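This report describes one structure for a reader who has not met it before. The sequence and the structure come first, and the description follows.

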Amino acid sequence: MMTLLNVDHEKCKQDGLCANDCPAGVIFFKPGQYPELKRGAEAMCLRCGHCVAICPHGAMDHAEVPLVDCPPIDPALSVTPDQAVQFLRSRRSVRRFKPGPVEQADIQRLIDIGRYAPTASNAQVLRWLVINDKSRLDALAGQVIEWMRAVVASGEGVTPYMPVVIKAWDKGFNPIFHTAPCLVVATAPAGASNGMIDISLALSYLELAAPQFGMGTCWAGLLQYALECNPKIKTAVGIPEECPYHYPMMVGYAKARYYRLPERKPAVITWL
Ligand SMILES: Cc1cc2nc3c(=O)[nH]c(=O)nc-3n(C[C@H](O)[C@H](O)[C@H](O)COP(=O)(O)O)c2cc1C
Ligand code: SF4
């Protein structure tokens, strides 16, 4: 019978690594015995896969994080510290994109990578919306601009950037999406205790992955503000009512190429 944890007694070396590393403390282990799930602890298991990941012998299988779906880490693909720093520092917001739609398979690949970002309690409740149609994005940007015009006219809730954005739009430039042909929106349902954080982390993974596939991204903050203020725009984007957490990101094939790593402000740290 397949239980939540299944230990292959042929492969298990009874080293207790899984029990020692389990963040929920639900694995019972005594030297000389095989590890097993503590009685009644099934609900407390985070389904995080640490037990499968830490076993060097491939002896641990998890019913919901199957060993067969957990490929071994290939040391040949490890990055050096310098490579890691350059990879992270070379991330840039891309605002100039090649024209034309994005291949659906390329968007799917980025979203799939976003799934590997951590989520609070390993909840993994994010849902994704994709608008891969420039004409729809132009129409959506127009709707945001009309809302901004109404806000400016009312004199209430006007932000300093609104008149500038409207002026740019009137000159034929799209300051909401720049030249992006595609918008990816990460959303989370009302019950998600850390919805915005989980969304931000997943989008960060997506953003970091994108350049490796010739793509670029930019956080669509102007649209986000409009979504927060105007339910009609939220409906136009297709965000379900039961998803109070959301953030949109522009996606496309990057036109710009960068050659340097701009410096940031020094970190402000309080060492206690
Ligand atoms: C917003 C957030 C809060 C978290 N808080 C805790 C925490 O308080 N204690 C903890 O042990 N892990 C915490 N985690 C880690 C998650 O449990 C972990 O990301 C998840 O189980 C997936 O495992 P992984 O990060 O090893 O892939 C948190 C993760 C996130 C994203
Ligand atoms: S999946 Fe995570 S929480 Fe569950 S038993 Fe394995 S290590 Fe523990």
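In the sheet, Ile-131 has Leu-183 of E6 as its bridge partner. The model is a predicted one.

**Strand E6 and its neighbours**

E5 and E6 are paired in the antiparallel sense, over five bridges. E6 is also paired with E8, again in the antiparallel sense, over seven bridges. Here Val-185 has Pro-248 of E8 as its bridge partner.

Seven of the seven residues of E6 are buried, so the strand is largely enclosed by the rest of the structure. Cys-182, Val-184, Ala-186 and Ala-188 point one way from E6. Leu-183, Val-185 and Thr-187 point the other way, and these residues are buried too. In a regular strand, side chains alternate between the two faces of the sheet.

**Helix H7**

Helix H7 covers residues 195–209. With 15 residues at 1.5 Å a residue, H7 should span 21 Å, and this agrees with its end C-alpha atoms, which are 21 Å apart. The buried residues of H7 are Gly-195, Asp-198, Ile-199, Ala-202, Leu-203, Leu-206, Glu-207 and Ala-209. They pack against helix H4 (104–114) and against four strands: E5 (127–131), E6 (182–188), E7 (215–219) and E8 (245–253). E6 is thus among the elements that H7 packs against.

**Ligand 1**

Which residues surround ligand 1? They are Cys-48, His-50, Pro-118, Thr-119, Ala-120, Ser-121, Asn-122, Asn-194, Ile-197, Asp-198 and Leu-201. Taken alone, ligand 1 exposes 620 Å², and the protein buries 49% of that. H7 gives the most to this shell, with three residues. By class, the shell holds five nonpolar, five polar and one charged residues.

Asp-198 appears in two of these descriptions: it is one of the buried residues of H7, and it is one of the residues around ligand 1.

**Two residues with positive phi**

Gln-14 and Asn-122 each have a positive phi, though Gln-14 is not a glycine and Asn-122 is a residue other than glycine. The table lists where they lie and how far they are exposed.

| Residue | Phi | Loop | Relative accessible area |
|---|---|---|---|
| Gln-14 | about 55° | between strand E1 (5–7) and helix H1 (17–21) | 27%, partly exposed |
| Asn-122 | near 55° | between H4 and E5 | 22%, partly exposed |

Asn-122 is also one of the residues that surround ligand 1. The loop that holds Asn-122 runs between H4 and E5, and both of these elements are among those that the buried residues of H7 pack against.

Conventions. Residues numbered from 1 in each chain as written. Chains lettered and ligands numbered in written order. Predicted model: local features only at pLDDT ≥ 70, side-chain atom pairs only at ≥ 80, totals over all residues. Heavy atoms only, no water. Helix = DSSP H or I, 4+ residues; strand = E, 2+ residues; numbered from the N terminus. Expected span 1.5 Å × (residues − 1). Buried < 20%, exposed > 50% of the residue type's maximum accessible area, 1.4 Å probe, protein only. Contact = heavy atoms within 4.5 Å. Near = heavy atom within 4 Å. Areas by Shrake-Rupley, 256 points an atom, 1.4 Å probe, with all protein chains shown as cover. Nonpolar A, V, L, I, M, F, W, Y, C, P; charged D, E, K, R; others polar. Pairing = 2+ DSSP bridges.
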